[in-house]
Amino acid sequence: MSWLDSVKWDGDGLVPVIAQEAGSGDVLMFAWMNREALALTAERGQAVYFSRSRQRLWHKGEESGHFQQVHEIRIDCDADVVLLKVTQLGHDPGIACHTGRHSCFYSVLKEGCWTAVEPVLEDPERIYKK
């Protein structure tokens, strides 16, 4: 797969990935992919990431049901960052963050403090049933 060879993987074989909502343009999350994750994402049409904390592939939504349908995969001019244009599935509006929010970027710096400005759409305790 020559297109995978064009990606500039870091020393750990990873590339940073930004997931952007196709409809609104909202940046939903940042994650990492290894070669296998990027290949599976292209093949399945759903986002598959590499979890650095778990050291394994992570099919977004495998636990929460909040899958990401991938419409487009882009790479930046340096070939070292991937952008996914996605539809966040499983809840309306879509929940991408493990905190139950639409986006992982829900805090804004205000007067020297990080302030949450996006609501919790679903209680994480309900999303991630133990």
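This dialogue goes through the core, one buried polar residue, the cysteines and the largest pocket of a predicted model.

Colleague: Let us start with the interior. How many residues does the largest nonpolar core have, and which have the most contacts inside it?

Modeller: The largest nonpolar core has 21 residues. Val-17, Met-33, Tyr-49 and Leu-84 have the most contacts inside it. At least two core residues come from each of β1 (14-21), β2 (27-34), α2 (35-44), β3 (48-51) and β6 (82-88).

Colleague: Take Val-17, then. Which residues does Val-17 touch, leaving out those up to four places away in sequence?

Modeller: On that count, Val-17 touches Met-29, Phe-30, Ala-31, Trp-32, Met-33, Tyr-49, Val-82 and Leu-84.

Colleague: Now a polar side chain. Is Asn-34 buried or exposed?

Modeller: Burial is read from relative accessible area, with under 20% as the cut-off for buried. Asn-34 is at 17%, so it counts as buried. This residue is found in strand β2.

Colleague: What lies around Asn-34?

Modeller: Not counting residues up to four places away in sequence, Asn-34 touches Trp-9, Gly-13, Leu-14, Phe-50 and Leu-57.

Colleague: And which backbone nitrogens lie by polar atoms of the Asn-34 side chain?

Modeller: The backbone nitrogen of Ala-37 lies 2.8 Å from a polar atom of that side chain. For the backbone nitrogen of Glu-36, the distance to a polar atom of the Asn-34 side chain is 3.3 Å.

Colleague: On to the cysteines. How many disulfides does the structure hold?

Modeller: Zero. The test is a sulfur-sulfur distance, and a disulfide needs the two atoms within 2.5 Å. For Cys-104, the nearest cysteine sulfur is that of Cys-97, 3.8 Å away, and Cys-104 is in no disulfide. Cys-113 is in no disulfide either. The nearest cysteine sulfur to Cys-113 is again that of Cys-97, at 20 Å.

Colleague: How accessible are Cys-104 and Cys-113?

Modeller: Partly exposed is the class between the buried and exposed cut-offs, under 20% and over 50%. Cys-104 has a relative accessible area of 32% and is partly exposed. Cys-113, at 45%, is also partly exposed.

Colleague: Last, the surface. What is the volume of the largest pocket, and which residues lie nearest its centre?

Modeller: The volume of the largest pocket is about 480 Å³. Its lining has 20 residues, and Met-29, Arg-54, Trp-58, Lys-60 and His-98 lie nearest the centre.

Colleague: Which strand gives the most to that lining?

Modeller: β2 does, with four residues. Both β2 and β3 supply at least two residues of the lining.

How values were computed
Residues are numbered from 1 along each chain as its sequence is written. This is a predicted model: local features need pLDDT of at least 70, side-chain atom pairs count only at pLDDT 80 or more; totals for chains, interfaces and linings use all residues. Side-chain values use heavy atoms; hydrogens and water are left out. A nonpolar core is a set of buried Ala, Val, Leu, Ile, Met, Phe, Trp, Tyr and Cys residues joined through side-chain atoms within 4.5 Å. Buried means under 20% relative accessible area, exposed over 50%, partly exposed in between (1.4 Å probe, protein chains only). Contact means heavy atoms within 4.5 Å. A polar contact is a pair of N or O atoms within 3.5 Å; within protein, one must be able to donate a hydrogen and the other to accept it, and residues adjacent in sequence count only if both atoms are side-chain atoms. On a 1 Å grid over the protein atoms alone, a cavity is a set of points where a 1.4 Å probe fits but cannot get out, and a pocket is an open set with protein on both sides within 12 Å along at least five of seven lines; lining residues have an atom within 4 Å of a point. Grid points are joined across faces, edges and corners, and a volume is the space filled by probe spheres set on the points.
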